[in-house]
Amino acid sequence: MWIEALIAVTLLSAFAVFLSPDGAAGKLAFALSLLPLAGSLWMYSTYEASGNALLAGSELAFEETFQWVVAGDYALQWHVGLDGISMPLVALTTVLTSLALLASWTPIDERQSQFYGLMLFLEASLLGVFSALDFFVWFVFWEMVLVPMYVLIGVWGGPRRKYAAIKMFVYTNLASLVMFIGFVALVFGLGDVNSFDMPTVAQALRGGELGSLGPVGPDALKVAAFVAMFAGFAVKVPVVPFHTWLPDAHVEAPTPVSIMLAGVLLKMGTYALLRFNFTMLPGVAQDYATIIALFAVVSVIYGAMLALAQSDLKRIVAYSSVSSMGYVILGLVAYSLYGLGGATFQMIAHGLISGLMFMAVGVIYNTTHTRMVSDMSGLASKMPFTVTVFVAGAFGYMGLPLMAGFAAELFIFLGAFQSTVLASAPLFTAAAMFGIVIVAGYLLFAMQRTLFGPFEVETDYEVGHAAFHDVAPLVVLILLVVALGVDPGIFYDMIQNAVDPLVKTAGGGA
Amino acid sequence: MAAFELPPWMALAPALTFALTALVLFVVDSIDPDSENRTLVAGTATLGSLAAAGFAVWYLFAGTGEEPIVLFGDALVVDSMSLFFAVVFASVTTLVCVASYDYMADHHYQGEFYALVMLAATGMTIMPSANSLAIVFVSLELSSLPSYALVAILKKNRGSVEAGLKYFLVGALSSAILVYGISLVYGVTGSLLLPEVASGIAGTELNGVLGVGMLMIIGGFAFKTASVPFHFWAPEAYEGAPAPVSAFLSSASKAAGFAVAFRVLTVGFPIQEVVVGATASVDWVLAAQILAVATMTLGNFAAATQDTVKRMLAYSSIGHAGYALIGLAALTGGNDQMVLGASMAHLLVYGFMNTGAFLFIALAEHWSVGRTFEDYNGLASQAPFACVAMTVFLFSLAGLPPFGGFLSKYLLFAGAIGAGFWWLAAVGAINSALSLYYYSRVVKAMWIEEPTGDFDIESRPVGIYAALAAAAIMTVLLLPGFGPVWEYATGAAAALGA
């Protein structure tokens with residue numbers, strides 16, 4: 001009931017905002033976004049569940065099932081529910097949306113009701129993605145995310161927005177198609193399973209019930225489906241070499257859209273990897289652990305190196321997302337308790353920190369009208385507060401202790417180091433850890449050039465002060481990052497509870 | 001229905017309602033031929049279509065057609081399949097009448113327009129009930145003849161008149177082919193009633209004559225459904241006709257052609273005897289496969305190369321005829337409910353999304369926006385609500401979730417795979433992916449491009465907006481509400497013995 005209400009309220013708010021007059025849309029959207037925010041916080045506070053949503057013997061929160069369509073032998077059903085993996089992501093979505101809406105007040109000045117309506121529509125779709133437990137329902141929401149994203153980048157973006165929007169749309173849509181075929185083939189291969197219910201499919205697959213599909217035997221089918229789904233989700237994450245749409249999309253997207261893109265949309269990819277590839281086909285994941293870990297480490301290092309080479313602040317943050325998501329993949333492939341738990345925790349931590357960084361870059365851009373590192377220096381003397389938050393966020397990115405990023409990366413490295421699944425795990429871990437050095441390098445370098453030193457800005461604009469509604473969300477985010485760093489248990493306990501059964505049944509070390 | 005029993009002829013109530021409404025409109029028109037009171041005529045037509053839809057839905061829910069009701073010496077049969085399609089026709093006709101209130105506002109002869117729409121709808125509603133080849137021909141002509149006039153109704157518009165002429169010439173030719181085919185089949189089997197045709201075929205040795213006759217009949221259906229090779233008229237007619245008429249023809253008329261083809265082919269030429277059995281004579285399933293692949297490929301590729309939106313939609317509607325043909329092309333002679341039902345369900349969803357898309361064209365023409373993709377640039381900043389509706393229609397036509405078109409297309413392809421025709425599904429899926437290109441061109445123009453010219457939208461026509469809103473809401477609701485549609489569609493397929 002509660003998940004349905006959450007999604008329905010968000011959708012209705014989206015329509016209400018869409019029809020509202022331009023001038024009031026921003027405030028109305030923010031006010032209405034507090035409803036799902038309050039809802040998700042209430043759900044978090046009353047959350048009571050145990051186990052993994054896809055595995056047997058779990059107890060889900062707010063679960064709801066009813067029949068949708070019975071087509072031939074297959075039943076499609078509405079099935080939603082939350083476990084320790086999806087609950088934090090739902091909370092993250094509602095928090096970031098509200099803050100991103102606040103951050104839209106300054107930069108968005110045309111067609112406002114449409115913009116805010118689409119942002120809320122995006123939120124509703126994302127909530128659906130994280131709570132759906134039937135493949136078809138999940139896929140509907142997964143694709144629903146694309147449409148508002150395409151328009152949000154294409155209309156309100158920077159100079160090359162049309163190119164960036166269409167590139168994002170084509171890349172991720174093709175990826176969805178590949179993934180869809182992979183999963184459906186898997187279900188057809190399970191002769192006895194008559195639904196697309198994700199728990200049912202997962203348990204049947206883990207029970208080794210996969211048969212042949214036409215001339216393709218079960219083993220080949222498993223690998224083919226794994227590859228198809230991995231490729232499909234890797235575009236979304238994005239994993240190098242499927243990442244090229246991301247910097248374009250980020251650079252052209254307006255600040256609030258970048259926040260949503262980095263903060264929540266990328267997590268759809270890793271969340272789906274965890275739910276589908278690593279939960280349903282753990283055997284294949286372990287057989288090919290080395291290759292996947294290679295992808296992860298390349299993403300970490302190459303993403304960081306690319307960030308090092310950029311001169312646009314936003315591009316730096318965009319590429320560093322590629323790097324950070326590489327850690328998540330590493331944690332997943334390690335398949336240990338800390339690895340999986342850390343990967344999930346990193347999704348939340350990175351969501352908050354990257355949201356914070358994009359927001360801070362946005363505030364700097366709003367006041368200076370440039371994002372080029374070479375165009376500015378010494379901002380600290382003009383806008384001390386924003387710069388303080390920016391520096392704090394950057395340190396969060398580098399994994400400073402007592403910040404969420406530290407906890408997440410620590411868990412991931414611990415998990416990866418101990419992994420029994422991954423051959424030469426310490427080597428991969430060490431290589432990935434080197435990524436942190438590069439991260440520290442480019443962030444410190446960029447900050448030193450832009451924020452400190454004598455004040456100078458090479459634009460024709462008067463550098464003013466950031467508005468209160470620009471700075472307030474930064475403060476909220478930094479507080480959340482610190483809170484999660486000081487007490488990771490806020491989310492980590494429920495995450496661990498949900499990944500524990502995965503490790504126990506097909507595990508790779510503690 | 002224990003409380004009272006309706007007489008059997010009342011089973012034809014949807015068709016009778018349309019016919020009656022047409023007569024009422026004629027009376028109104030003859031009393032006051034120059035009447036400008038469009039509220040009266042459009043209102044009457046809308047009420048008539050709504051009543052027809054009400055009857056069809058009521059009968060479906062009440063289970064009227066579960067035991068087929070046979071009338072007029074077996075010539076007409078009302079079962080769940082004919083009622084299912086009656087719902088499609090009545091819904092589309094309602095939308096078209098509501099939208100025409102504004103679109104045809106400047107037209108001098110209001111009464112005749114709506115009367116012709118009602119007459120065509122009457123013919124369409126009888127088509128799925130036709131259990132005799134004679135009725136097939138009569139009802140097909142009853143729906144075609146008013147359609148010719150409707151296409152050409154803008155008498156002073158060269159495009160409209162030319163389209164009408166083209167449509168009429170191709171239509172006349174294919175009617176001749178159809179009736180000649182019927183005569184050949186009659187010569188072989190000695191009957192016009194479909195069940196007797198089927199039993200007549202079992203004992204005949206005149207396979208050559210029968211084959212020619214059947215191919216000619218299929219040709220007649222190809223014309224009505226705008227399938228290759230009788231599709232030439234469609235782009236011209238849809239482009240030249242007033243947009244609500246294009247919507248009517250490309251949605252309802254096409255569905256009617258499919259409905260009659262479904263019944264004639266599966267009942268009159270049963271696969272077990274004609275295609276696969278020991279007495280196999282003519283492989284019409286193979287013909288349907290060739291037509292399906294040719295139609296969807298040609299329709300989609302041609303649509304991708306168009307410059308004007310209306311013509312793109314016209315070709316896309318040919319492409320959709322190809323998808324619907326999968327329902328015939330993937331039949332195996334047993335356990336075919338899934339794929340045939342999926343084809344029918346797709347035609348229902350298509351009825352809403354395609355009608356909606358053409359009605360948006362009607363709105364654009366009402367505003368004199370222009371015809372090309374570029375003319376639609378920046379339309380969303382002027383008319384966001386209508387553009388949301390159009391986006392819903394286009395993405396649904398492309399088969400993207402979260403709209404009704406996603407499930408109906410998915411089930412169609414899944415049904416084809418289930419029947420063993422994975423290659424048909426693959427061709428369909430590739431075409432479907434291609435279609436996203438040209439549909440999203442319109443979306444991109446509306447939402448993302450900057451307006452090229454200065455145009456100001458002065459009026460917000462209530463009728464077209466209402467029809468657009470209704471079609472969009474139905475297109476969206478058909479996704480969560482697909483369960484009952486699917487149930488009735490497979491029930492309709494089962495009624496054909498599939």
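In the predicted model, helix α2(B) passes helix α3(B) in a left-handed crossing. The two helices, α2 spanning residues 38–62 of chain B and α3 spanning residues 80–103 of chain B, pack with their axes 8 Å apart and at an angle of about 160°. Because angles over 145 degrees are counted as roughly antiparallel, this angle makes α2(B) roughly antiparallel to α3(B). The residues of the contact of α2(B) with α3(B) comprise 17 nonpolar, 7 polar and 1 charged.

A second helix pair in chain B is formed by α13 (residues 309–329) and α14, whose axes come within 9 Å and cross at roughly 170°; α13(B) and α14(B) are therefore roughly antiparallel to each other. On the side of α13(B), the residues that meet α14(B) include Val309(B), Leu313(B), His320(B) and Tyr323(B), while those contributed by α14(B) include Met344(B), Leu347(B), Tyr350(B) and Phe358(B). Sorted by class, the contact of α13(B) with α14(B) has 14 nonpolar residues, 6 polar residues and 1 charged residue.

Helix α14 of chain B, which covers residues 337–366, also gives the most to the largest nonpolar core, with 20 residues. This core holds 431 residues, of which Leu330(A), Val333(A), Val117(B) and Leu359(B) touch the most other members. When neighbours within four places in sequence are left aside, Leu359(B) is in contact with Leu95(B) and Ala99(B), with Ala243(B), Pro244(B) and Ala247(B), and with Ile464(B), Ala467(B), Leu468(B) and Ala471(B).

Where chains A and B meet, the contact takes 18 residues from chain B and 18 residues from chain A. On the side of chain B that touches chain A, the elements giving two or more residues are α16 (384–398), α17 (404–418), α18 (422–447) and α20 (482–495) of chain B, and the most is given by α17(B), with 5 residues. By class, the residues of this side of chain B divide into 14 nonpolar and 4 polar, with no charged residues.

In chain A, Glu252(A) lies in helix α10, which covers residues 245–252. With 24 other C-beta atoms within 10 Å, Glu252(A) is buried, since 20 or more such atoms are required for a residue to count as buried. Glu252(A) and Pro159(A), although 93 residues apart in sequence, are 6.9 Å apart in space from C-alpha to C-alpha. Neighbours within four places in sequence aside, the contacts of Glu252(A) are Ile153(A), Gly157(A), Gly158(A), Arg160(A), Arg161(A) and Ala164(A).

Definitions and conventions. Residues are numbered from 1 along each chain as its sequence is written. Chains are lettered from A and ligands numbered from 1 in the order in which they are written. This is a predicted model: local features need pLDDT of at least 70, side-chain atom pairs count only at pLDDT 80 or more; totals for chains, interfaces and linings use all residues. Axes are lines fitted to C-alpha atoms, for helices over the stretch in contact, and angles run from 0 to 180 degrees between N-to-C directions. Helices (H or I, at least four residues) and strands (E, at least two) are DSSP runs, numbered from the N terminus. Angles under 35 degrees count as roughly parallel, over 145 as roughly antiparallel, 65 to 115 as roughly perpendicular and the rest as oblique. A crossing is left-handed if the near helix is turned anticlockwise from the far one by less than a right angle, and right-handed if clockwise. Ala, Val, Leu, Ile, Met, Phe, Trp, Tyr, Cys and Pro count as nonpolar, Asp, Glu, Lys and Arg as charged, and the others, Gly among them, as polar. Two residues are in contact if their C-beta atoms, placed from the backbone, lie within 7 Å. A nonpolar core is a set of buried Ala, Val, Leu, Ile, Met, Phe, Trp, Tyr and Cys residues joined through C-beta atoms within 7 Å. A residue is buried if 20 or more other C-beta atoms lie within 10 Å of its own, exposed if 12 or fewer, and partly exposed in between; C-beta atoms are placed from the backbone.
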